[in-house]
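Student: Can we go through the sheet in this one? I want the strand layout and who sits across from whom.

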Amino acid sequence: MNEDTPTGDWTRGPGPDAVFAQFIAAGEFRIQRCESCHGHVFYPRLACSHCGSVELRWVRPSGRGVVHAVSIVHRRSEQGGPYNVVLVDLQEGPRMMGRVDGQPHDSIRIGLRVKARVGSAATGEPCVVFDAAGDADAGAGP
Ligand SMILES: [Zn+2]
């Protein structure tokens with residue numbers, strides 16, 4: 001698989017969910033970008049959510065985003081303790097669910113700038129997680 005592989009060919013090969021999972025398993029966070037309207041698409045789809053085109057390609061997003069909503073799920077410590085669930089607006093446009101690592105839960109707030117990476121879920125499966133990006137490199141960073 002390479003970046004020139006169109007995802008719109010639904011007559012064969014794995015579906016977009018499976019392709020996304022394959023990238024994550026390889027340590028790469030990718031989302032789809034529409035060749036027709038240039039919009040970014042997430043969750044993985046067969047057709048563009050903006051214009052309906054099937055010419056979607058897998059690209060590497062910046063990973064940068066801003067927390068849109070946060071929820072702290074309280075569990076007993078013997079069940080693993082509290083964890084957070086966030087909705088992040090990616091710089092490219094799509095909104096995705098994930099969690100923020102390495103931050104006290106009460107410091108995770110709406111508007112927090114974050115950066116995505118591939119981490120692991122509680123089950124050990126690879127998944128996309130977010131780290132606080134800090135205000136210092138907000139906006140114009142590399
Ligand atoms: Zn489109």
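Tutor: We can take the strand order, then the pairings, then the side chains. Keep in mind that this is a predicted model.

Student: OK, what is the strand order in the sheet?

Tutor: The order is β2-β1-β3, in an open sheet of 3 strands with antiparallel pairing.

Student: And which strands stand at the edges?

Tutor: β2 (40-41) and β3 (56-59) do. Each has a single partner strand, so one side of each is left without a neighbour in the sheet.

Student: How many bridges are there between β1 and β3?

Tutor: Strand β1, residues 31-34, pairs with β3 over 4 bridges in the antiparallel sense. Arginine 33 has arginine 57 of β3 as its bridge partner, and glutamine 32 stands opposite tryptophan 58 in β3.

Student: What about β1 to β2, how many bridges there?

Tutor: 2 bridges, again antiparallel. On that side, glutamine 32 stands opposite valine 41 in β2.

Student: What links β1 and β2?

Tutor: They form a hairpin, with 5 residues between them. Histidine 38 lies in the turn and has a positive phi of about 70 degrees.

Student: Switching to side chains. Which way do the β1 residues point, and are they buried or exposed?

Tutor: Ile31 and Arg33 point one way, while Gln32 and Cys34 point the other way. All of them are buried.

Key
Residues are numbered from 1 along each chain as its sequence is written. This is a predicted model: local features need pLDDT of at least 70, side-chain atom pairs count only at pLDDT 80 or more; totals for chains, interfaces and linings use all residues. Two strands pair if DSSP finds at least two bridges between them. A residue is buried if 20 or more other C-beta atoms lie within 10 Å of its own, exposed if 12 or fewer, and partly exposed in between; C-beta atoms are placed from the backbone.
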